[in-house]
Amino acid sequence: MLDTEPTSAPTSPSVDSTAPLDKLSWLELSTYLDAHGLVAGVDEVGRGALFGPVVAATVVLPADALPKLMAAKIKDSKKLSASRRTQLAQQIGVLALDWKIGYASTAEIDKLNILQATLLAMKRAVLKLKVQPTICLVDGNQLVKDLLIPQQTIVKGDERSLNIAAASIMAKVWRDDLVLRLASKYPMYDLEHNKGYGSQRHLLALQQYGPSPLHRLSFRPCQLK
């Protein structure tokens, strides 16, 4: 496994998610309120799926977007309905100074392992930004290797950072749209309902038909004998 420590960018220690929080304790309104420069949030989706790429997004929000997204009740993408995610994604796309998607393919997942592929997708998203952030807030506890921008990991970041929550939504909407487009090519796996995750119908289809070229062969349910 590759070393995930940064090689040339200064970092801050990870933020512990056990600290008491209230409804207004978004990090951009407290810890980073007086930060000089722009904050980017980075998050991924699809890490636990059996099918398709792992997808990351990065979002850079201006200060005046934060109260608007709070008023819109932004939260972790997994806690929103599909229609609400789509609405918020449209709003984020308008409000953001910049946002980008990066992904790692199933072949890269099988070659690198899912953790390293996830970090690669995050790095690709950040490197696409045309607006350079001062710091990247990365969801989870793993730093992105060789990213020449200061980083800070945020455990449960999609519940604590508006930028990370926005990235979570953009990544989820983009990946779901991709899987839905692929579903017609592989109808036997019920992808339109499970989005590539291991539902019962998906697992039964794997047993009956075997994996497709876009299944993750390094994941045990796809390793059929």
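Which residues does Arg47 touch, not counting residues up to four places away in sequence? I shall begin with that question and then move outward to the rest of the protein. Please bear in mind that this is a predicted model.

Arg47 is found in the loop that connects β1 and β2. Its contacts beyond the immediate sequence neighbours are Val54, Ile114, Leu115, Thr118, Tyr197, Arg216 and Phe219. One of these, Ile114, is 67 residues away from Arg47 in sequence, and yet the two C-alpha atoms are 6.8 Å apart in space. Arg47 has a relative accessible area of 37%, and it is therefore classed as partly exposed, since that class lies between the limits of 20% and 50%.

Let me now turn to the overall architecture. The protein contains 7 helices and 5 strands, and their order along the sequence is β-β-α-α-β-α-α-β-β-α-α-α. Of the 225 residues, 50% are buried. The accessible surface amounts to about 11100 Å², and carbon and sulfur atoms account for 56% of that surface. If we take the contacts between residues at least 6 apart in sequence, 68% of them join residues at least 24 apart.

Next, the interior. The largest nonpolar core comprises 32 residues, and Met122, Val126, Cys136 and Leu191 have the most contacts inside it. Two or more residues each are supplied by β1 (39–45), β2 (54–60), α4 (114–127), β4 (135–139), α5 and α7 (200–209). Helix α4 provides the largest share, with 6 residues. To take Val126 as an example, its contacts outside the four nearest places in sequence are Val42, Thr58, Cys136, Leu147 and Ile149. A separate core of 26 residues lies apart from this one, and its members include Ala72, Ala165, Ala166 and Met170.

I come now to the packing of two helices. Two packed helices are described by the angle between their axes and by the distance between those axes. Here, helix α2 (residues 82–95) and helix α5 (residues 162–183) have axes that come within 9 Å and cross at roughly 120 degrees. The crossing of α2 past α5 is left-handed. On the α2 side the residues involved are Arg85, Thr86, Leu88, Ala89, Ile92 and Gly93, and they meet Ala166, Ile169, Met170, Lys172, Val173 and Asp176 of α5. By character, this contact consists of 7 nonpolar, 2 polar and 3 charged residues.

Is Asp176, then, buried or exposed? This residue, which sits in helix α5, has a relative accessibility of 9% and so counts as buried. Beyond its neighbours within four places in sequence, Asp176 is in contact with Arg85 and Lys195. Asp176 is also 15 residues from Leu191 in sequence, with a C-alpha to C-alpha distance of 9.6 Å.

Lys195 brings me to the backbone. Most residues other than glycine have a negative phi. Lys195, however, is not a glycine and has a positive phi of about 55 degrees. Its place is in the loop between α6 (191–194) and α7, and because its relative accessibility is 17%, Lys195 counts as buried. Lys73 likewise is not a glycine, and its phi is positive at about 60 degrees. Lys73 belongs to the loop between α1 (65–71) and α2. With a relative accessible area of 63%, Lys73 is exposed, whereas Lys195 is buried.

How values were computed
Residues are numbered from 1 along each chain as its sequence is written. This is a predicted model: local features need pLDDT of at least 70, side-chain atom pairs count only at pLDDT 80 or more; totals for chains, interfaces and linings use all residues. Side-chain values use heavy atoms; hydrogens and water are left out. Helices (H or I, at least four residues) and strands (E, at least two) are DSSP runs, numbered from the N terminus. Buried means under 20% relative accessible area, exposed over 50%, partly exposed in between (1.4 Å probe, protein chains only). Contact means heavy atoms within 4.5 Å. Accessible areas come from the Shrake-Rupley method with a 1.4 Å probe; for residues, only the protein chains shown count as cover. Axes are lines fitted to C-alpha atoms, for helices over the stretch in contact, and angles run from 0 to 180 degrees between N-to-C directions. A crossing is left-handed if the near helix is turned anticlockwise from the far one by less than a right angle, and right-handed if clockwise. Ala, Val, Leu, Ile, Met, Phe, Trp, Tyr, Cys and Pro count as nonpolar, Asp, Glu, Lys and Arg as charged, and the others, Gly among them, as polar. A nonpolar core is a set of buried Ala, Val, Leu, Ile, Met, Phe, Trp, Tyr and Cys residues joined through side-chain atoms within 4.5 Å.
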